[in-house]
Amino acid sequence: NQQLEKIYNSANKVRTGYADMISNVSKSMMLAGKSFQGNIDNAIRFQEIMAEAYSVGGASAAEQASSMYQMIQALGSGVLQGDELRSVREGAPLAYKAIEQFAQGVYNTTESLKEMGSEGKITSDMVIAAILNAGDTMDAAFAKTTMTFAQAWQLIKNQAVHAFQPVGEALTNMLNSQVGRAVLNAIIVVINALGMAATAIINVLNGLFTWIADNWNWFKYVAIAVIALVAGNLMTVLIKEKKKELSFIIFAIKYYAYWG
C-alpha cells in the first residue's frame with residue numbers, strides 16, 4: 001500500500017533497514033500517536049531523520065536499534081530522561097544537540113539537556129518537534145556521508161523484503177480465504193492422524209518389549225534358536241559358495257597340468 005511504499009523509499013533514502021523502519025513507525029504510532037498528531041507521515045519522517053543522525057554519528061545498526069527502542073518506549077511514556085537521552089547523545093550527537101537547542105528556546109534557558117531531562121522537562125511532543133524541525137540540517141549532514149558496505153548490503157536486503165512482500169500478502173489472503181482454511185484444516189487433520197499413528201506404533205512396540213522382558217526366562221531360548229537357525233542357513237550358503245570356488249580352482253589346475 002501507499003504507506004509501505006513511503007516507508008520503503010524512506011528506508012532506502014537513509015540506507016537503513018526496511019523491516020526495522022516498518023516496526024519503528026508502527027510502534028511510534030501505537031505508543032505516541034498523539035505526539036505525532038495522528039499522522040503517520042510525521043512518524044516516517046521522524047524515523048528518517050533519526051536514522052540520518054545515527055549514520056552521521058557513526059552508530060552501528062545494533063546501536064541504532066537499541067537506542068531507537070529506548071526512544072520509542074520513552075516517547076510512549078511522555079517524557080525522555082537519563083538513559084534515553086544518553087543513548088541519543090552517544091549514537092546521534094547531532095540529534096541530541098537539536099533537542100537541546102530546541103528545548104532551550106522553549107524554556108528560554110541555558111540549562112543543558114541533561115539538566116532539563118533530570119527535571120522532567122523534555123516531553124515527547126518537544127522531542128518530536130525538535131527532530132522534525134532539524135530535518136533540513138540532518139539531511140545536509142547525511143548527504144556528506146559515503147555509503148558503507150553494511151549499508152549497501154542493507155539496501156539489497158530491503159529490495160528482497162520489498163520484492164517478496166506481495167508473496168506474503170498473497171499467502172495471507174489465501175490462508176484467510178475459504179479455500180485456504182479448508183487446506184489448513186486438511187493439513188491439521190493429516191498431522192493429527194500421523195501423530196495418532198505414531199503413538200499407536202510406539203504403544204505396540206512398548207507392549208512388545210514389555211512382554212519380552214516379562215517372559216525373558218523362556219523367550220531367550222526361542223531367540224537363541226532363531227539366531228542359530230539363521231546362522232546355520234548362512235553357513236550353508238557360504239559353504240556352497242566355497243565349494244563352487246574350489247571346483248573352479250581344481251578344474252583350472254587340471255587344465256593347466258594337462259595342457260601346460
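## Contacts and burial

In this predicted model, 63% of the protein's contacts (heavy atoms within 4.5 Å) with a separation of 6 or more join residues 24 or more positions apart. Of the 260 residues in the protein, 29% are buried, that is, under 20% relative accessible area with a 1.4 Å probe and protein chains only.

The protein exposes about 16,800 Å², an area obtained by the Shrake-Rupley method with a 1.4 Å probe. Carbon and sulfur atoms supply 64% of that exposed area.

## Secondary structure

The protein has twelve helices and zero strands; helices are DSSP runs of H or I with at least four residues, strands runs of E with at least two, numbered from the N terminus.

## Largest pocket

The largest pocket holds about 580 Å³ of space. A pocket is an open set of points on a 1 Å grid over the protein atoms alone, where a 1.4 Å probe fits, with protein on both sides within 12 Å along at least five of seven lines. The volume is the space filled by probe spheres set on the points, which are joined across faces, edges and corners.

Lining residues, those with an atom within 4 Å of a point, number 30 here, and Arg15, Thr16, Ser60, Ala61 and Gln64 lie nearest the centre of the pocket. Helices H2 (18-32), H3 (40-56), H4 (61-77) and H10 (149-175) each contribute at least two lining residues, with H4 giving the most, six.

## Basis of the values

Residues are numbered from 1 along each chain as its sequence is written, and side-chain values use heavy atoms, without hydrogens and water. Local features need pLDDT of at least 70 and side-chain atom pairs count only at pLDDT 80 or more, whereas totals for chains, interfaces and linings use all residues.

How values were computed: Buried means under 20% relative accessible area, exposed over 50%, partly exposed in between (1.4 Å probe, protein chains only).
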